[in-house]
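Visitor: Could you walk me through this model and show me how each label is earned?
Guide: Gladly; here it is.

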Amino acid sequence: MVNAGPESPGQHFMDTWFLTKDEGWVVGIPGDVYHTADGGTTWDVRHTSPNNGAQAFRSVTFITPTHGWVGDINFFNPVPHRAFWETLDGGRTFTDISTQIIGPEPVGICGLWKVDASTVYGVGRWNGPAIFIKTTDGGVTWHSMNLAPLLTGAVDVYFFDQLHGLVVGGRGVGNTPAEQASSRTVVIMTSDGGATWSERYVGSTTGHWAWKISFPTPLIGYVATQGGGADHVTIKTTDGGLTWSELPVVTTELGFSGAGFVSPTLGWIGGETGAFETADGGTSWQKVAWAGDEAINRFRILSNGAAVAVGKHVFRYTPPN
């Protein structure tokens, strides 16, 4: 990967979404939005946060070049109705639509996933409550449900199609140190578009919770996990999420955030102070130089096999010819 700019004016970039291999966005805390039309070679500023950073953009997805949504982690809780924003002009302006969600209103949205132009899913917040949201009509209406008791916090969501998908987070994780110390990593799955959910994995140790998801194939997938202690793992499935195994990563990092795989064997996970690469499907990991000591929160794999990672800067991977 190479540093492809821009540099976040705030804490760091939190998410990125590419509608095509060329057109994409990055968002960050505070509410900064950048756009690229050339696969990440150049970027233009679309939005900066008003009100001294009152927006905290955490996740992003688009269904057209103009129509998209951004999730807000809402650091300013208990300020209400600041979890979910809609844009109709490509990320230049945003309208808060949190109160338009039918069902329990989320406090924050940490993960978004677009299946097609009609179907979009979201989850949040990482430290609770664990709320799942969905639209099947291109954002005209949104519905939600609480994922408790399966999860107390939800971080990321991934769907293979309109019906089959998974959500990851923690059971026990919350706002207090005691809650986080008791948390276990959890993966849940649905086969009916989120109407019902089943538990597919619970971590073997406490003090951890899941972070970001990457599926290089329909069967092989990886999830990074957060948390303290010495038991740092990435989890892996080879059967489409039905079962999971733990891949130890020897490091002093306090858990991992981003996960991105361009093939079943080659991929990266983001730590709190850098990133790690594997070329053998997670059997071994090496810290990479390109990330420096930046926290890499999200990887996105593009349709041409390229990849983009976001931390304080935007990084880009170009596959060999």
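Visitor: Why is Arg298 called buried?
Guide: Arg298 has 1% relative accessibility, so it counts as buried. The cut-offs are these: buried means under 20% relative accessible area, exposed over 50%, and partly exposed in between, with a 1.4 Å probe and protein chains only. A word on the source: this is a predicted model, where local features need pLDDT of at least 70 and side-chain atom pairs count only at pLDDT 80 or more, while totals for chains, interfaces and linings use all residues. Residues are numbered from 1 along each chain as its sequence is written, and side-chain values use heavy atoms, with hydrogens and water left out.

Visitor: What makes the contact of Asp15 with Arg298 a salt bridge?
Guide: The rule asks for a side-chain nitrogen of Lys or Arg within 4 Å of a carboxyl oxygen of Asp or Glu. For Asp15 and Arg298 the closest N and O atoms are 2.8 Å apart, so the pair meets the definition. Asp15 lies in strand β2 (residues 12-18) and Arg298 in strand β27 (residues 298-301), so the salt bridge ties together parts that are 283 residues apart in sequence. Strands here are DSSP runs of E with at least two residues, and helices are runs of H or I with at least four, numbered from the N terminus.

Visitor: Is Asp15 buried or exposed?
Guide: Asp15 counts as buried, because its relative accessibility is 0%.

Visitor: How do you know that Arg300 forms a salt bridge with Asp15?
Guide: The closest N and O atoms of Arg300 and Asp15 are 3.4 Å apart, so this pair also satisfies the rule. Arg300 lies in strand β27 and Asp15 in strand β2, so the pair ties together parts that are 285 residues apart in sequence. Arg300 is itself buried, with a relative accessible area of 8%.

Visitor: Which residues are linked in a network of salt bridges?
Guide: Asp15, Asp156, Arg298 and Arg300 are linked in that network. By the same rule the count comes to six salt bridges.

Visitor: What are the burial labels of Arg46 and Asp44?
Guide: Arg46 is buried, with a relative accessible area of 15%, and Asp44 is partly exposed, at 32%. Arg46 and Asp44 form a salt bridge too, their closest N and O atoms being 3.1 Å apart.

Visitor: Which residues does Ala307 touch?
Guide: Contact means heavy atoms within 4.5 Å. Not counting residues up to four places away in sequence, Ala307 touches several residues, among them Met1, Val262, Trp268, Arg300 and Tyr317. Ala307 is placed in strand β28 (residues 307-310), and at 0% relative accessibility it counts as buried.

Visitor: What makes β20 and β21 a pair?
Guide: Two strands pair if DSSP finds at least two bridges between them. Strand β20 (residues 221-227) and strand β21 (residues 233-237) have four bridges in the antiparallel sense, so they qualify. Val223 has Ile235 in β21 as its bridge partner.

Visitor: Why are β19 and β22 described as standing at the edges?
Guide: The open sheet of four strands has the order β19-β20-β21-β22, with antiparallel pairing. β19 (208-214) and β22 (245-248) each have a single partner strand, so one side of each is left without a neighbour in the sheet. From one strand to the next the twist averages 30 degrees; angles run from 0 to 180 degrees between N-to-C directions, with axes as lines fitted to C-alpha atoms, for helices over the stretch in contact.

Visitor: Where are the cis peptide bonds that involve Pro30 and Pro129?
Guide: One joins Ile29 and Pro30, with omega about 5 degrees, and Pro30 is found in the loop between β3 (24-29) and β4 (32-36). Another runs from Gly128 to Pro129, with omega near -5 degrees; Pro129 is in the loop between β12 (120-124) and β13 (131-135). Most peptide bonds are trans.

Visitor: How do you know that the radius of gyration agrees with a compact globule?
Guide: The radius is taken over C-alpha atoms, and the globule rule is 2.2 Å times the number of residues to the power 0.38. For 321 residues that gives a value near 20 Å, and the chain has 18 Å, which agrees. Buried residues make up 58% of the 321 residues, and the chain has one helix and 29 strands.
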